[in-house]
Every structure is written in C-alpha cells, then in structure tokens.
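I opened this model to make notes on its ligand and on its strands. My entries follow in the order in which I looked things up.

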Amino acid sequence: MMLGFLLARAGIDVVVLEKHGDFLRDFRGDTVHPSTMQVLHELGLLDGFLARPHSEVRTLAAKIGEELIQIADFSHLPTQAKFVAFMPQWDFLDFLADQAKRFPAFRLLMETEATDLIHADDAVVGVTARGPDGALDIRAELVVACDGRHSTLRDAAGFQMIDRGAPMDVLWLRLSKHASDPAQILGHVDAGRIFIMLDRNDYWQCAFVIPKGGVDEVHARGLEAFRSEIARLEPFLRDRVHELTSWDDVKLLSVAVNRLDTWYRPGLLCIGDAAHAMSPVGGVGINLAIQDAVAAANVLVPRMTRGPATVEDLRAVQRRREWPTLMTQRVQIAIQNRVISNVLRSTATPKPPLAIRMLGQFPTLRRLPARIIGMGFRPEHIRH
Ligand SMILES: Cc1cc2nc3c(=O)[nH]c(=O)nc-3n(C[C@H](O)[C@H](O)[C@H](O)COP(=O)(O)OP(=O)(O)OC[C@H]3O[C@@H](n4cnc5c(N)ncnc54)[C@H](O)[C@@H]3O)c2cc1C
C-alpha cells in the first residue's frame, strides 16, 4: 500500500490487489515505529495519521522475575515522533489507502487475489488474478510481490527462502482493559514464560510465548490451566481470564525468520514479508516493510516516470534493503537464542542479565535499543 501510494503520487499507474474484502483481520501487528512516522511526516501525513485512535509508548519496560526494568527510551530520537504508536494495522492500511485514492494513478482492487505470474520470454509481465467478477489478467511493467510471509507470487517465481529458524511460537489473545489497570506494561519474563501485553486503549493485546511446536502441549494441559497461568503472571488479569471461552480465542502465530537470497527477476520484485519474514522480537515487521517500500520508490520513481525498471534497478533495491534486514535478523536471532530459548527452558525465576541491568541503571544507555527498534539500521527518507 505504501509503495502504491508513493508510485501513484509520482503519477505512475498502480494497481494494488488485496485478496480480502477489507483489512479488518485481527491478531496482526500494530506497532508503528518512529521511522515509519518520520516517513509519514516527510509526506505531510503525520498529523492525519495521529488523528486516528492510537496509543503512544515513549519507554519500554520489562518485568524480569520480580524486577521491573526500563529498557528503551524513545524520547531522544532525532525524529518527529519520539514514541511508538500502537494502531491496529487495519486502521493504518485504511488510512494509507484513503490517502492513495486521492491520486488518479492509484487503483485498489479488493477481493482480488493474485494467483500466478504471467511470463513472456524470461520476464514477468503481469499476474493472473481472481476477483469478484471472475478471473482476470493484469499486465504490468513491474509486478511487486508484497503479499506477505506466505507469498503466492514469490512461490510462483520459484524463489527459495533461507530459513533462519526460531525457537518459539506465539499465542495471541485479547483481554479487556479496566480503568484501574496498571499503566502500559510490556513484557513479563518468568520461569519458562514470556508474556507481552500491548495497550490497545480498551483492551490488552497479549502474546504468550511458547517453545516452537509447543501448542499441542498447551492445549493438552487445558484452557483452565492456560487461564491460571496468565493470572499467575499478571494477577490483575485474574478477574477476566474467563473471557477466553475456547481455544478459538487464542490464535497461534508460527514464528518464522527467513529471507530471500535474490529479491527480484526481470519484471518482478519482492519486498516486505514476501522477501523476509521477521521475528516478532522488537515488533519491527511493519516498519521494515514500509522501509522497503520507500527504498523501492526512491529507486523506481525516477526510472519508471521515464520507462520500465531494469534488473539493475531491482538489484539496487535489494542492495539497499538487504543489509538492514540482515542486521535486524541477526539481532533478533541473538535475542531468540541467548535470551528467549533460555527463559523458555528455565524452571527458576530468571534474574536480569548484566546488559539489561545496565539499561535499568543508566538512562542514557536506553537510547541505543530505542534507536535500533525505533529507527532501524538504515532509515529511509522520501527522496522524490
Ligand atoms: C500475529 C502477528 C503479529 C505481529 N505483530 C507485529 C507488530 O506488533 N509489529 C510489527 O511491526 N510487525 C508485526 N508483525 C509482522 C507484520 O505484520 C508484518 O511484518 C507486516 O505486516 C509485513 O507487511 P507486508 O505488507 O509485507 O505483508 P502483509 O502485512 O502480510 O500484507 C500482505 C497483504 O497481501 C494480501 N495478500 C496475500 N496474498 C495475496 C494474494 N495472492 N493476492 C492479493 N492479496 C494477497 C494479504 O491479505 C495482506 O493484506 C506481526 C505479524 C503477525 C502474523
């Protein structure tokens, strides 16, 4: 949607396909980071974005065992918005779609699913799709596969992913929020358990981290045991864990960390989750997808206002975004392997490691994780 917006803004004809009838799917990420808001600011869209219901988080804290430790402080970032905005992803997408529709070059086809690539000689020249009125072919100078972590178009191109593995899966659930609840709580790390709570104004979006493939074991222990576990981790939730009435209220996110070796071929470019699924560590997936879109537009706009993009242009997009993707995944994998795996295996109440203790004691140090999470390794800026 962001790339569609940026290309249409430059007068380049864009058709965005969305297989669903709306963007209203629950249990998707909702952290919009300072890097993304900086892009919105550069586009003159930040005030409009922030006028939508959201909550703002300026510092991140984690409860490790019984100790509450401050970990990141976004208030010193050199960006317009010095906080993480929590906004349901469908609101953000609706907002971007509304903005993009202002441009005559933009078309959004809802309920239209890309089913395959169309080739001519060695190049991709369009997609086949299935819409409300049946099958259609859409020809294009460039197809951008931004169809998520289970990308149909990436698979149709025969691209192979490099899988980096993950030691955990995540169970997502929501519980109501009461006025008397403690202020923003983010993570609670305890013996064998990691529980994250995201403030969505009138409810808590919660992530219960389990060992990879451990969902059957959780189910086997029963829903009552699961409810009690949550109540033990956060006693103030005890009065509402009954809101989980069946396992349908608890969705499994199978965590994957992977990336493509090559993001393109003539006429086709993969970006976002289609090119690299990120670990949930740091909640950076949306923001990296947006950064890919901005980097792609910075390369494609000057080229495509004159003619088709070349393979060198597509390679330039990958070169620009591969390094920040790799660096982010390296940090995520280090945290997964050194912290999360150990916690999930442990039976004793964990003690904060030295590095985390230092963050708690020296406020200035908290600016570093804020920078990595909030801005990423290579923040992109609107160039055209
Ligand atoms: C449970 C969960 C929680 C997450 N939490 C966070 C978080 O807190 N913060 C964060 O930054 N990231 C989070 N993420 C990751 C984040 O959602 C993704 O990294 C980000 O959405 C990737 O954006 P994208 O545009 O590449 O792909 P997606 O957001 O997956 O978008 C792909 C779109 O393409 C559509 N589509 C798929 N196939 C087709 C097709 N064949 N034809 C037409 N349309 C198609 C889909 O319906 C979808 O709307 C989370 C992910 C999950 C699953």
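**Entry 1: polar contacts of the ligand.** I began with aspartate 273, where a polar side-chain atom lies 2.7 Å from an oxygen atom of the ligand. I kept in mind while noting this that the model is a predicted one. I then looked up histidine 20, which places a polar side-chain atom 3.0 Å from an oxygen atom of the ligand. At aspartate 30 I had to turn to the backbone, for it is a polar backbone atom there that is 3.4 Å from a ligand oxygen. I next asked how much of the ligand's accessible area the protein covers. On its own the ligand has 990 Å² of accessible area, and the protein covers 84% of that.

**Entry 2: the shell around the ligand.** I found 28 residues surrounding the ligand, and the closest of them are Glu18, Arg28, Thr31, Asp273 and Gly283. Sorting the shell by kind, I noted eleven polar residues, nine nonpolar ones and eight that are charged. Which element gives the largest share of this shell? I noted that it is H8, with four residues. Helix H8 covers residues 285–304, and both this helix and strand E8 (113–120) supply at least two residues of the shell.

**Entry 3: a sheet of seven strands.** I turned to the open sheet and wrote down its order as E5-E4-E14-E15-E16-E13-E17, with pairing that is mixed. As a reminder to myself, strands of a sheet pair through backbone hydrogen bonds, and they may do so parallel or antiparallel. Why is one side of E5 and of E17 left without a neighbour in the sheet? Strand E5 (67–73) and strand E17 (251–253) stand at the edges and each has a single partner strand, so one side of each stays free of a neighbour. I also noted that neighbouring strands of this sheet are turned against each other by 25° on average, with direction ignored.

Within the sheet I followed one pair, strand E14 (residues 187–190) and strand E15 (residues 193–199), which run antiparallel and are joined by four bridges. Here I noted that aspartate 190 has arginine 193 in E15 as its bridge partner.

**Entry 4: helices on the sheet.** I saw that helix H10 (residues 354–361) lies across strand E4 (59–64) and E5, and that it runs at about 75° to E5. Helix H11 (residues 367–375) also packs on the sheet, where it touches E4 and E5, and its direction makes about 60° with that of E5.

**Entry 5: a hairpin.** Last, I looked up E9 and E10, which a hairpin joins through two residues. Strand E9 (residues 123–131) and strand E10 (residues 134–139) run antiparallel, with six bridges between them. Arginine 130 has alanine 135 in E10 as its bridge partner.

How values were computed
Residues numbered from 1 in each chain as written. Predicted model: local features only at pLDDT ≥ 70, side-chain atom pairs only at ≥ 80, totals over all residues. Heavy atoms only, no water. Near = heavy atom within 4 Å. Polar contact = N/O pair within 3.5 Å; in protein donor to acceptor, adjacent residues only side chain to side chain. Areas by Shrake-Rupley, 256 points an atom, 1.4 Å probe, with all protein chains shown as cover. Nonpolar A, V, L, I, M, F, W, Y, C, P; charged D, E, K, R; others polar. Pairing = 2+ DSSP bridges. Axes fitted to C-alpha atoms, helices over the stretch in contact; angles between N-to-C directions. Contact = heavy atoms within 4.5 Å.
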